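Colleague: Before I use any of these labels myself, I would like to understand how each one is reached. Could we go through a few of them together, slowly?

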Amino acid sequence: MDSTAHEIVEQVYQAKNDSRAADELIAAYMPFIKSETAKFLKRPPEAEDDELSIAMFAFYESICKYSKRRGSFLSFAALQIKNRLIDNYRRESRNKGHISLDTTTNEDEDTELMDTIQDPKNAFESNELRDATRAEISELSTEMETFGVSMQEVTEDSPRQQRTLEICRKAVSYAKGNPEILSEFMRTKRVPLAKIAKGAAVERKPLERHRRYLVAVLLICAKPYEILWQHIVQVFERGGES
């Protein structure tokens, strides 16, 4: 962790129990909050926009919820802001009688409309972020080969059902919170399915069916693939909402 990131983490932890420090942190990061709001609105936010107030509150929530295990604070805060803004949009759409983003499409009853529209953040991604994402994927793909797993196999192995996705989420959460599990995984190049199933209190069979998927996700947990980890978090959180 570089000195700037370390400084932010220290400020966040101080702000957890100090309302004045929290206010100062929010004020200091207003450009960041406005930037994340602009990504959603696809325009600079105005002072009177409800979305800006929602984003500020989401930033404060991020301060309260953040822990070092979650990785970069700003990445975590950006995800919280995005999720809050999406939740607000869904709520307003329902109140106005608009079709819900949770409504399934006719072509695929398992596909939500939310999955078919462009992510507001993507339109504002910089070339640097796209390059960094490609670099992470390339590095992950190379490392997965040492585990005998390909990207194609991971795609085929990804959980499709809500119940199975939730089991995998619990398994990954347990592994991420127990470094010895990740250490064993990296050392042996095998997913310790029995230990994870027992520790996460989930069935082992679904984990066995999605072992190659777990290889990829556990690698992302074990290494500093921050961009890919935020994607995994979004997948798990979206699955939990459906």
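Colleague: Why is Asp-157 called buried?

Modeller: Please keep in mind that this is a predicted model. Asp-157 has a relative accessibility of 8%, and because buried means under 20%, Asp-157 counts as buried.

Colleague: What makes the contact of Asp-157 with Arg-212 a salt bridge?

Modeller: The closest N and O atoms of Asp-157 and Arg-212 are 3.6 Å apart, and since the limit for a side-chain nitrogen of Lys or Arg and a carboxyl oxygen of Asp or Glu is within 4 Å, the pair is accepted as a salt bridge. The two residues come from distant parts of the chain, with Asp-157 in helix α8 (residues 151-157) and Arg-212 in helix α13 (residues 211-222), 55 residues apart.

Colleague: Is Arg-212 buried, partly exposed or exposed?

Modeller: Arg-212 has a relative accessibility of 24%, and because partly exposed covers what lies between the 20% and 50% limits, Arg-212 is called partly exposed.

Colleague: How do you know that Arg-84 and Glu-61 form a salt bridge?

Modeller: Their side chains meet with N to O at 2.6 Å, and the cut-off is within 4 Å, so the pair qualifies as a salt bridge. This pair, too, links distant parts of the chain, as Arg-84 is in helix α5 (residues 73-95) and Glu-61 is in helix α4 (residues 50-65), 23 residues apart. Glu-61 has 13% relative accessibility and therefore counts as buried, while Arg-84, with a relative accessible area of 32%, is partly exposed.

Colleague: Where do Glu-166 and Arg-169 lie?

Modeller: Both are in helix α9 (residues 162-176), three residues apart, which is about one turn of the helix. They form a salt bridge whose closest N and O atoms are 2.6 Å apart. Glu-166, at 23%, and Arg-169, at 29%, are each partly exposed. Elsewhere, salt bridges that share partners join Glu-153, Asp-157 and Arg-212 into one network.

Colleague: How many salt bridges does the structure hold?

Modeller: The structure holds ten salt bridges.

Colleague: Why are α2 and α4 called oblique to each other?

Modeller: The axes of helix α2 (residues 19-28) and α4 come within 10 Å and cross at roughly 125 degrees. Because roughly perpendicular ends at 115 degrees and roughly antiparallel requires over 145, the angle falls in neither class, and α2 and α4 are therefore oblique. Their crossing is right-handed.

Colleague: Which residues in α2 and α4 meet?

Modeller: From α2 there are Ala-22, Leu-25 and Ile-26, and they meet Met-56, Phe-59, Tyr-60 and Ile-63 in α4. The residues of this contact divide into seven nonpolar, no polar and no charged.

Colleague: What makes Ala-201 count as exposed?

Modeller: Ala-201 reaches 67% relative accessibility, and since exposed means over 50%, the label exposed follows for Ala-201. This residue lies in the loop between α11 and α12 (204-209), and its phi is near 60 degrees, a positive value in a residue other than glycine.

Colleague: Where is Lys-189 placed, and is Lys-189 buried, partly exposed or exposed?

Modeller: Lys-189 is in the loop between α10 (179-188) and α11 (193-200). Its relative accessible area is 38%, and because this value is neither under 20% nor over 50%, Lys-189 is partly exposed. Although Lys-189 is not a glycine, it has a positive phi of about 60 degrees.

Key. Residues numbered from 1 in each chain as written. Predicted model: local features only at pLDDT ≥ 70, side-chain atom pairs only at ≥ 80, totals over all residues. Heavy atoms only, no water. Helix = DSSP H or I, 4+ residues; strand = E, 2+ residues; numbered from the N terminus. Buried < 20%, exposed > 50% of the residue type's maximum accessible area, 1.4 Å probe, protein only. Axes fitted to C-alpha atoms, helices over the stretch in contact; angles between N-to-C directions. Parallel < 35°, antiparallel > 145°, perpendicular 65-115°, else oblique. Left-handed = near helix turned anticlockwise from the far one by under 90°. Contact = heavy atoms within 4.5 Å. Nonpolar A, V, L, I, M, F, W, Y, C, P; charged D, E, K, R; others polar.
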